[in-house]
Amino acid sequence: MAQEKDYLKGQSGNTVSAIVKGIDRDVERGEDALMLGFGIVMLSSTFAPVAPPSVLLPLVALTFAISSGFARMNYHNMERKLLKSMAQLEAHDKVILHPIAAVFAEYPMRSLSESFNPLKNLKRTWKSALGGILINPLWMPIFYVMGMQIIEEKNLGTLNRAIIGVEQKISSLSSLA
């Protein structure tokens, strides 16, 4: 499947609505990835009787890392596609979409290489080490990537609220016309 470069490919009619619909679909995709990872982690306890913690806990960390990594890439793709789509719009349409674009400006996501680097995330590293000391050292990587997962969920929630606000604005504008 070829990846779309913006939210306006093959769209006719109201371009702002098409962009909002496309970005809403991508936000749902990111939320689904995070929830899938969380669900798999919740089910991992069913394997505890047959898999030792030295095997199971790294797999839990890997699951969190994959789901949050996919959500992060999805977030970057949404930002890129939104900016590319907005470049094709008129000024009054850009004003309507500004709250969504503002979320990307206010909550920029660093690259995955920076997010996985413990030396660039000292606060998260410290919290992970403290959790590992209190519970079990094998939990340190889980706490670290769980922190990434929480950040992803928070940013997607903020983006979702901005989308709802824009959708309400669009519906109120269309009812006035």
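**Reading a six-helix predicted model**

Guide: Helix α6 contributes most to the lining of the largest pocket, supplying 6 residues. The model is a predicted one, in which local features need pLDDT of at least 70 and side-chain atom pairs count only at pLDDT 80 or more, while totals for chains, interfaces and linings use all residues. Residues are numbered from 1 along each chain as its sequence is written, and side-chain values use heavy atoms, with hydrogens and water left out.

Visitor: How is a pocket recognised, and which residues line the largest pocket?

Guide: The search runs on a 1 Å grid over the protein atoms alone; a pocket is an open set of points where a 1.4 Å probe fits, with protein on both sides within 12 Å along at least five of seven lines, and a lining residue has an atom within 4 Å of a point. Here the lining consists of Arg110, Asn121, Lys123, Arg124, Lys127, Ser128, Phe143, Met146, Gly147, Ile150, Ile151 and Lys154.

Visitor: Which helices each supply at least two residues of that lining?

Guide: A helix is a DSSP run of H or I with at least four residues, a strand is a run of E with at least two, and both are numbered from the N terminus. Helices α5 (122–134) and α6 (140–176) each give at least two residues to the lining of the largest pocket.

Visitor: How much space lies in the largest pocket, and how many residues of each class does its lining have?

Guide: A volume is the space filled by probe spheres set on the grid points, which are joined across faces, edges and corners. For the largest pocket that space is about 280 Å³. As to class, Ala, Val, Leu, Ile, Met, Phe, Trp, Tyr, Cys and Pro count as nonpolar, Asp, Glu, Lys and Arg as charged, and the others, Gly among them, as polar. The lining holds 5 charged, 4 nonpolar and 3 polar residues.

Visitor: Is Lys154, one of the lining residues, buried or exposed?

Guide: Relative accessible area under 20% is called buried, over 50% exposed, and in between partly exposed (1.4 Å probe, protein chains only). Lys154, in helix α6, has 56% relative accessibility and is therefore exposed. Its C-alpha atom is 17 Å from that of Asn121, with their positions 33 residues apart along the chain. Asn121 is also among the lining residues.

Visitor: How many helices and strands does the chain have?

Guide: The chain has 6 helices and 0 strands. Its C-alpha trace spans about 65 × 30 × 30 Å along the principal axes. Of its 177 residues, 40% count as buried.

Visitor: How should one read contacts, and what does Arg72 touch?

Guide: A contact means heavy atoms within 4.5 Å. Arg72 is in helix α2 and is buried, at a relative accessible area of 2%. Beyond its neighbours within four places in sequence, Arg72 contacts Met109, Arg110, Ser111, Leu112, Ser115 and Glu152. For the chain, 76% of the contacts between residues at least 6 apart in sequence join residues at least 24 apart.

Visitor: How is a pair of aromatic rings described, and how many pairs are there?

Guide: The description uses the distance of the centres and the angle of the planes. Rings of Phe, Tyr and Trp (its six-membered ring) pair if their centres lie within 6.5 Å; planes under 30 degrees apart are stacked, over 60 edge-to-face, and the rest tilted. By this rule there are 2 aromatic pairs. Tyr75 and Phe104 have ring centres 5.0 Å apart and planes at 55°, so this pair is tilted. It links distant parts of the chain, since Tyr75 is in helix α2 (residues 53–86) and Phe104 in helix α3 (residues 91–106), 29 residues apart. Tyr75 is buried at 1% relative accessible area, and Phe104 is buried at 3%. Trp139 and Phe143 form a tilted pair as well, 5.7 Å centre to centre with 40° between the planes. Trp139 is partly exposed, with a relative accessible area of 29%.

Visitor: Where does Arg124 lie relative to Tyr144?

Guide: A charge sits over a ring if NZ of Lys or CZ of Arg is within 6 Å of the ring centre and within 35 degrees of the ring normal. Arg124 lies over the face of Tyr144, 4.8 Å from the ring centre. Arg124 also belongs to the lining of the largest pocket.
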